[in-house]
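Student: Could we go through this structure together? I would like to see how each label is earned from its cut-off.

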Amino acid sequence: MKLLVVEDEEKAAAALRQGLSESGFEVDHAPDGEEGLRLARASAYDAIVLDLMLPKRDGWSVITELRKEGRGTPILVLTARDEVPDRVKGFELGADDYLVKPFSFSELIARLRSLVRRGGAARPAKVEVADLIVDESTQKASRCGQVLDLTPREFALLALLAKAPGQVFSRAQISERIWHVEYDGVSNVIDVHVRHLRAKADDPFDKKLIRTVRGVGYALDA
Ligand code: CA
């Protein structure tokens, strides 16, 4: 199991790293919030252990950013005793568990194992890109607060693109993920769906989000 530990205090970080490694976890460490966010975006972790008071970017903001991007990696927050009222805020923002410092190492391990077991995948992903909100728990998408009237396929297509802003999806990838069939290389069914999706999700609005990448496929940009 691979963990990301975001902790600025050197001694605490070293102890966490050593203890977690000895317990069989593979550990990456970030000494500040910016680096933590960068690493969390760059690789797939089973869980993130996150300190709240961090240089460059605090723990709250790391949670907010990751959840906004639709990343459901389980997050365990480490909080100092005098920050306890802030726990509520952490949960509202999308933390999954917390431990008050100083904590027992065996408890940390137990909590982490349970978090990883529960996984982050069950979290309904709500993604915000510019004025677009895609909520997979309600299967609804809106722009500027206006709910879009989409078919299930159009919604799935929009969600796929919105969950990875800027990433170009080829027709083959879209076909596999949405239609669960291999793309035959000639069919225009995807282009037709994108056209319908654009008519509802882009045309009525000033800012166009869906981008055609000629000869490749489609992307959604912020
Ligand atoms: Ca700290």
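Tutor: Gladly; we will take the metal site, a strand, some charged pairs and the cores in turn. This is a predicted model, in which local features need pLDDT of at least 70, side-chain atom pairs count only at pLDDT 80 or more, and totals for chains, interfaces and linings use all residues. Residues are numbered from 1 along each chain as its sequence is written, and side-chain values use heavy atoms, with hydrogens and water left out.

Student: What makes Asp8, Glu9, Asp51 and Met53 ligands of the calcium ion?

Tutor: Donors are N, O and S atoms within 2.8 Å of the metal, or 3.2 Å for Na, K and Ca; water is not among the atoms, so sites may look incomplete. Here Asp8 (OD), Glu9 (OE), Asp51 (OD) and Met53 (O) coordinate the calcium ion at 2.1 to 3.1 Å, so they fit the 3.2 Å limit for Ca. Along the chain the donors have the spacing D-E-x41-D-x1-M. Asp8, in the loop between β1 (2-6) and α1 (10-22), and Met53, in the loop between β3 (47-51) and α3 (59-68), are 45 residues apart. Helices (H or I, at least four residues) and strands (E, at least two) are DSSP runs, numbered from the N terminus.

Student: Why is Met53 called partly exposed?

Tutor: Buried means under 20% relative accessible area, exposed over 50%, and partly exposed in between, with a 1.4 Å probe and protein chains only. Met53 has 44% relative accessibility, so Met53 counts as partly exposed. Asp8, with 29%, is also partly exposed.

Student: What makes β3 largely enclosed by the rest of the structure?

Tutor: 5 of the 5 residues of β3 are buried, so the label follows. Ala47, Val49 and Asp51 point one way, while Ile48 and Leu50 point the other way. In a regular strand the side chains alternate between the two faces of the sheet.

Student: How do you know that β3 pairs with β1 and with β4?

Tutor: Two strands pair if DSSP finds at least two bridges between them. There are 4 bridges between β1 and β3, which run parallel, and 4 bridges between β3 and β4 (residues 75-80), also parallel. Leu4 stands opposite Ile48 in β3, and Asp51 has Leu78 of β4 as its bridge partner.

Student: What makes Lys68 and Glu65 a salt bridge?

Tutor: The term needs a side-chain nitrogen of Lys or Arg within 4 Å of a carboxyl oxygen of Asp or Glu. Lys68 and Glu65 meet at 3.3 Å, N to O, so the pair qualifies. Both lie in helix α3, 3 residues apart, about one turn of the helix. Arg71 and Glu69 form another salt bridge, at 2.8 Å. Arg41, Glu65, Lys68, Glu69 and Arg71 are linked in a network of salt bridges.

Student: Why is Glu69 called buried but Arg71 partly exposed?

Tutor: Glu69 has 17% relative accessibility and therefore counts as buried, whereas Arg71, at 30%, counts as partly exposed.

Student: What makes a nonpolar core, and which residues of the largest one touch the most other members?

Tutor: A nonpolar core is a set of buried Ala, Val, Leu, Ile, Met, Phe, Trp, Tyr and Cys residues joined through side-chain atoms within 4.5 Å. The largest has 28 residues, and Leu132, Val134, Leu148, Leu158, Ile174 and Leu220 touch the most other members. Its largest share, 7 residues, comes from α6. A second, separate core of 18 residues includes Leu37, Leu39, Ile48 and Val62.
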